Number of protein chains: 2
Amino acid sequence: MLRSMLENGRRAQRAVAGSDASQRNKILENMSQLLKERQSLLIAANQIDLNNSEDLTPSLRKRLGLDAPQIARLMDGIHMVVRQSDPLGRGGGQKRLANGLTLEAVHVPLGVVGLIFESRPGVAIEATALIVKSGNAVILRGGHEAAESIRVIVECWQDAIGASGFDRNLVQAVLDPDRQYVTDMMHLEGLDLLIPRGGPTLIQQVVQEARVPVIETGVGNCHVYVDDGADIPMAVRIVSNAKVSNPGVCNAAETVLVHRNIAHEFLPALEQELSRHDVVLHADDRSRPYLSVSVDATQEDFAKEYLSLDLAVKVVDNLDQALGHIARFGTKHSEAIVTNNYPHGELFLNAVDAAVVYWNASTRFSDGYEFEMGGEIGISTQKLHARGPMGLEALTTWKWIARGQGQIRT
Amino acid sequence: MLRSMLENGRRAQRAVAGSDASQRNKILENMSQLLKERQSLLIAANQIDLNNSEDLTPSLRKRLGLDAPQIARLMDGIHMVVRQSDPLGRGGGQKRLANGLTLEAVHVPLGVVGLIFESRPGVAIEATALIVKSGNAVILRGGHEAAESIRVIVECWQDAIGASGFDRNLVQAVLDPDRQYVTDMMHLEGLDLLIPRGGPTLIQQVVQEARVPVIETGVGNCHVYVDDGADIPMAVRIVSNAKVSNPGVCNAAETVLVHRNIAHEFLPALEQELSRHDVVLHADDRSRPYLSVSVDATQEDFAKEYLSLDLAVKVVDNLDQALGHIARFGTKHSEAIVTNNYPHGELFLNAVDAAVVYWNASTRFSDGYEFEMGGEIGISTQKLHARGPMGLEALTTWKWIARGQGQIRT
């Protein structure tokens, strides 16, 4: 089944690859219109998914749910993608070789993209908008608990595509709950890119098992290092924001590292602030004495992406020890230092190997919208092709076009 | 062993990552000087390799051999890399967000690169020069038949590095012939990039088995399509150049596709030219009548990268059939059309999915030097990160650096 979906997707994609941005935008505009028209249908389908998933945890149910304000936000997101400039076409290096051959790097779509995601049905809207705008086809595979919602969303996409005069197979979904299809997608030779969007287990599985090109996204064990040169109120504000403003996302902080010289001052102030938000502090031996309530941190705490109102705390001797800790436990996502010591700030920015490195700012800015890139397909934590928030460009490649008058190599 | 080589390489790499281009160039200049001083030592080591490999085929022995003119060319290549501009540092997107946070994309080295290659010892010089110039460390694993040559080359590199005040472990090699090390390298978690340089068997093995990031290079089943709008003498010249100027390389043509309307004119002219070079034509049923001497082509011929003086020949009904054949058998490397028909030329350039697409020029130009990129680490046939000839930039990634004054996300 996947083999024929790939071929159908490729056929549909070829026509879109050669289209103007205005034609691709038209698909997105149609989609937004259809979401408006079929909003009650979508909410009803989502309600079926919710009714079928009463055994889910409250946070998973929250992810699965889709209401009118969320649909409105997703429609806004589509319009943001419409307004973004076209990632396809000329713009790469152009040169004329000594022999008269002209060379030009032209941005082209990747082709057919596979997207494996979990329970959030909105992914099928926002990620697909980016994939279609950049001239690609997509095969969606969402969590089975969101099947009814995804079915309606994909019908909207296919109608939006058909109404624009393109082949409806540009957007396809595997709705069969059999997990074998996930494995098959990872082994689908010819698939141009597979993006896993979800928790660390899914992402690790895809990275380990895939035989097709993958972009690894989203696992964020992010740190804030509070240096002895830090402004304490600023440090409290940044750590608190990085932890509590949205604890369930990948750019939230999971560990705070504190220079021993300021631990006695910073940690009580941090505890006072975080206790207002019911954050549980998992403290190492050296930080515990400065905290009135905490649980003991083990090595496992430092390796964990909590995605909850938990924060690991560790006192370090110096910047170097903080860098060592981050190199060991970090996931190359987002890392921050708070300091007014200029050499320490610069050293941290240079030495930390991560997609985004912050000096005196919250890790929560690692996001396509915050970076003013428009929407994002995910946050890449790998080094090849895309790093950090991935916008439209990450969904393209280029080819070299060479025009000659009979040139041969001597 | 590989684990500690990786850690040692990473330690050495960190110092180099923060260095000026002039310091990295100094390593390359030292290397060139040492190659000059130790040329006879290197040639003697290579002679041992040759003596140990008397059972190799003549073409493999040719690849293994290293003589004074070749060493001089490799030294020239190093100096070309020295002259190239620094791929590291600023130059990516820079923006100031509305909240005052400044964002900057800074080009940084990938880290530690693994290079698996076969019998050509010069790879340990030319590829390493690019890897070091771009601030990376390397772990080399060459074919066991080149072990003595590689040992001398790596000693030169380590002395060149040491003399520049850096850690010698920036360049390391696995000289143990046990094939297990190749597998171990493909599974070496934390290795930032693995590049296979060699034949299709090696590359396929790496792509299938690797659990680390890989860039796929070099398998080129390249086609020249001679359209009915072609200038016949130009088409003969281009096909001949693409086949015979260096048949053992990935950008050589392996199949010529001929429009049926001109087959009667083109094929005899091509045969006359290619017979002077002893090219064996593997012809399909429809091309055979136009050739005086040929062997029968099977489906296998069309799928094969001959890398020899063999050429598959096929008559097609039209451009569309040529595009279908290339989509089926091509390896996304380099593809050419010869035509004076403008719409056909443009259609071919747009429709073919390959790293480099040529109109009225030989496929043999797909090369870092010809593209005026300086040396190349290989020709990428994948779509992510790098496509076509890969120069210094392909060996870098970037990180986002964000400088704030206490910004938090609202």
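## Domains of chain A

Chain A splits into two domains: domain 1, made of 2-217 + 377-403, and domain 2, covering 222-365. Keep in mind that this is a predicted model.

Between the C-alpha centres of domain 1 of chain A and domain 2 of chain A there are 34 Å. Where these two domains touch, domain 1 of chain A puts in 7 residues and domain 2 of chain A puts in 9 residues. On the domain 1 side, the mix is 2 nonpolar, 4 polar and 1 charged residues.

## Where the chains meet

Now for the contact between the chains: chain A brings 51 residues to it, and chain B brings 51 residues too. On the chain B side, the elements that supply two or more residues are helix 10 (232-244), helix 14 (342-351), strand 13 (356-361) and strand 16 (396-407). Strand 16 of chain B is the top contributor there, with 11 residues.

As for chemistry, the side of chain B that touches chain A sorts into 24 nonpolar, 15 polar and 12 charged residues.

## A strand pair across the chains

So much for counts; here is some pairing to look at in the structure. Strand 16 of chain A (residues 396-407) runs parallel to strand 13 of chain B, and the two pair over 5 bridges. For a spot to zoom in on, try Ile401(A), which sits opposite Val357(B) of strand 13 of chain B.

Strand 13 of chain B is also one of the elements listed above for the side of chain B that touches chain A.

Methods
Residues numbered from 1 in each chain as written. Chains lettered and ligands numbered in written order. Predicted model: local features only at pLDDT ≥ 70, side-chain atom pairs only at ≥ 80, totals over all residues. Helix = DSSP H or I, 4+ residues; strand = E, 2+ residues; numbered from the N terminus. Nonpolar A, V, L, I, M, F, W, Y, C, P; charged D, E, K, R; others polar. Pairing = 2+ DSSP bridges. Domains from an automatic or database assignment.
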